[in-house]
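Student: I am new to this structure. Can we go through its interior by question and answer?

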Amino acid sequence: MSKIKIISNPYQKKIEYQRWNESVGQWIAVDLENNENSRLLSDELTTTFFPFIVQKIVGVIVNEYQDDSGKIDIVFEGTEDEYKDLQEVCTADEYHDIAALFKGERCLENARDILPDIKNIFESIKPLIATSFVSMDKIAVEIKRFTDASEDKIPICILGNYSSGKSTFINALIGREILPSGDEPITAKIYKIERSQQPDRAYVEFECAGEAIKLRFEENNYRFTMGTNEKPMIRQLNKMLGKIKNESLTIRVNKTIEFVNNFVMNGDEDCVPDLIKITVPFVGGIWEQTSAEFVIFDTPGSNSASNDKHFQVLKKAMEGFSNGLPVYVSELDSLDSTDNEALYQEIRGMKELDDRFTMIIVNKADVAKLPKGQHSKEDEERILSLAIPRNLYSEGIYFVSSIMGLGSKNRGEFVDEHYAEIFEDQAQKYSDPSSRFHKSLYQYNIMPAQLKLRAVEQSARYSDALYANSGLYAIEQEMQTFAGKYSAYNKCQQSHLFLGRVIQMTSGEIEDTIKERAAFKQQIIEKLDSDRKELLEEIEKKSCELESASIDQYDLYMQPAVEMVQRVRSVKELEEAEEEYIKIQMEQQGYDETEGELKDAREALYKNLKENIAKILKSPNKSVFKEIGTDLVNDAKETSENDNILREKLKDIYNAANDELLREISSDFTAYSKESQKKLEEESRGYWEEKITHIKNELAAVVTESAKLTDERKDELTGIIFDFEDIVFEASADNVFIKEEFERGFRFGNFVIGRSERLNIDKLTKKYNSEMAGLVQVLYGKISDSHKQSLRGWKENLISLIRERIVEYNPTLRDQNRIIKDTSDKIEELEKRQSQLNQYTENIWKMMDWIET
């Protein structure tokens, strides 16, 4: 049977494919090098976010690779969330008799599951970074960028032409009519809208001629918390707000925004900057209680005269974000607009936006000419071929009536009377299923099949029919999904890239400090007399040679110890342990007693059967047949029930035994890991203590063999060398990275065999031994790095002390030597921090790396 493997890595934004080659008994890549010309290799099916193209992928696999039997096996390696999307497609009517789905031997963690741990790592990194750089200006931008990217805030960038109803759509999302609709503004202003954490507080912030202005709106009041009455704009705004101070919070914010717009449009354009921040409580729908922190960016229309400028404004406003959701708003009749080519390129070019998730919103769908019920396949294909979908389609096309959606949230209480009239006229069509022109706009959404099915089911079940049928619920639900599932992949990847940049900057800092130290060393050498210069150069050269030789010989010396601590468990050993746990569970759960009862029931059934056969032979009439038949049916039913009870009990026994065995293995893994670490550390300490003694002896020999020193000076310097403190190693118990390895423990895969509920002991044994070997290598690497770093620091301190004695009678050289000592200490500290940063990076990478199952 044909087999195709899908390998999806959403962290690296790529999908790969392999096919099973029966002749060589292995998987081979589906690529051009293997003379493959599959549609699977298209950019769409290798770079698009997997859930959005899974239906197409399965279709291509079935069409291109199914064999004569009409069947195909699909093996998947990726995240559990993506596997479920694939499972929905493979079990749907179209493919359930064709495609058999299996999990591969590797998997990835869902980003939403590991993101909290990555955030915790970043919190640990902050103090480390804060003390790692001479100038924090170098790193401040990187810290802000990652802080913004790792926060729960989800930027939503609303794009589209002026006539598309962007403002009404945003008002519908918020549940308040805060953005006024009207004439086209002439400036490139960006509105940044966030949810207020207090239900009776709203804020509007902007600048006027360089002065920060901030208004706070309360339930029955307002106040300027920043800004003075000296500017005409503020005086006029204050006067206007005084007249409407008793109006609702929504109206007061709406009129404030309208005032700012009008003020700019009346000529004082320089007073108000490009960005206006609005903080307001969200009302109604699922966003009112959402845990996601959405930040909405409303941009001027793409058909604005200031189009070139407003993207620069948008980029500045979104600075620091890296996982923005692009949302393009259009009317149905405008989807084939051809004047947005620059816009497409801008969206793709903004690193702040992830164009893999672009949502296309068909607004004003309540007045669009739509077929009854839903689109046909031909309708969908026609719409997808239009200019805007052709360039931007990825996550889906969503149909909505923003007025109906907003009305469902504000109960028809509009600021705009025209909207109120439209809502009153049409509300029944969306809330009453018996209406002749009843509409459910979510039915028209064009999405990947498995996502569309899910969205339709959720919308149909939702209690607020008006809200759901307006199409707004499906849109907000998909944005929630982006916030909860999809955006986490970008956040995780950004954390890894951030640490890479910090490590690179740390390396630059170390390199600069090493150059600085070398320059001071050279200054000292040049100012010494020839005898002391020659001696100091010889001592430094010898120390470097001894350091290098010690490091070069370390791995060979430690190899036997590393091999000795790598515990290997046998299949037989674990099988015996499993049988023992099964035996214990059988005793505890009374299996023998249940089995005995079943045996008695079977024997009674056979005995009754014999007796009934005898009755039939003796008196073969209908009444006897009926009586015997009833007895046999009851006996058989009882026996069958007992069989089921026994099977369920055996299943419970296996599950309980499995749990006990896995607990024992996990505990054993952690205990033996700690023991291994202790043995490795002891062996390593012994090695370095021996090498330190050797280094001291060799350096003392350089001093005693010098013909340039008096015997008194030789005794003084050799005394300094031999009396110098021993090397100090970091205690492993304090090493956060070794602790994390222990806390991570043994990562279980799926070891159950089919439906038997028995463990696959062979697979479990291999997994244990593989994980143990891997952990030993990790522990050894960390101990090795730490101890080598300690050696380098110890050597530099010793040479600094020797240098100090050689130059002590020259005050200038003595001061320069102190500077060398300080820079050496700084280098040692920077290298230690760099090592820690490398470990943090490795830990994050492991979270996003493949796990053998």
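The turns below deal with a nonpolar core, a pocket, a cavity and aromatic rings.

Tutor: This is a predicted model, in which local features need pLDDT of at least 70 and side-chain atom pairs count only at pLDDT 80 or more, while totals for chains, interfaces and linings use all residues. Residues are numbered from 1 along each chain as its sequence is written, and side-chain values use heavy atoms, with hydrogens and water left out.

Student: Which helix gives the largest share of the largest nonpolar core?

Tutor: A nonpolar core is a set of buried Ala, Val, Leu, Ile, Met, Phe, Trp, Tyr and Cys residues joined through side-chain atoms within 4.5 Å; buried means under 20% relative accessible area with a 1.4 Å probe, protein chains only. The largest such core has 119 residues, and F169, I193, I278, V327 and M479 have the most contacts inside it. Helices are DSSP runs of H or I, at least four residues, and strands are runs of E, at least two, numbered from the N terminus. The largest share of this core, 14 residues, comes from helix 17 (residues 472-527).

Student: Which helix gives the largest share of the lining of the largest pocket?

Tutor: On a 1 Å grid over the protein atoms alone, a pocket is an open set of points with protein on both sides within 12 Å along at least five of seven lines, a cavity is a set where a 1.4 Å probe fits but cannot get out, and lining residues have an atom within 4 Å of a point. The largest pocket is lined by 40 residues, with K56, Y393, M447, P448 and A449 nearest its centre. Five residues, the largest share of this lining, come from helix 15.

Student: Which strands each supply at least two residues of the lining of the second largest cavity?

Tutor: The lining includes S8, N9, K14 and I15. Residues 3-9 form one of the strands in question and residues 14-21 the other. The answer is strand 1 and strand 2.

Student: How many residues apart in sequence are the parts tied together by the pair of Y554 and W688?

Tutor: Rings of Phe, Tyr and Trp (its six-membered ring) pair if their centres lie within 6.5 Å; planes under 30 degrees apart count as stacked, over 60 as edge-to-face and the rest as tilted. Y554 and W688 are stacked, at 5.1 Å centre to centre and 20 degrees between the planes, and both are buried. Y554 lies in helix 18 (residues 530-565) and W688 in helix 21 (residues 622-704), so the pair ties together parts whose separation in sequence is 134 residues.

Key: Buried < 20%, exposed > 50% of the residue type's maximum accessible area, 1.4 Å probe, protein only.
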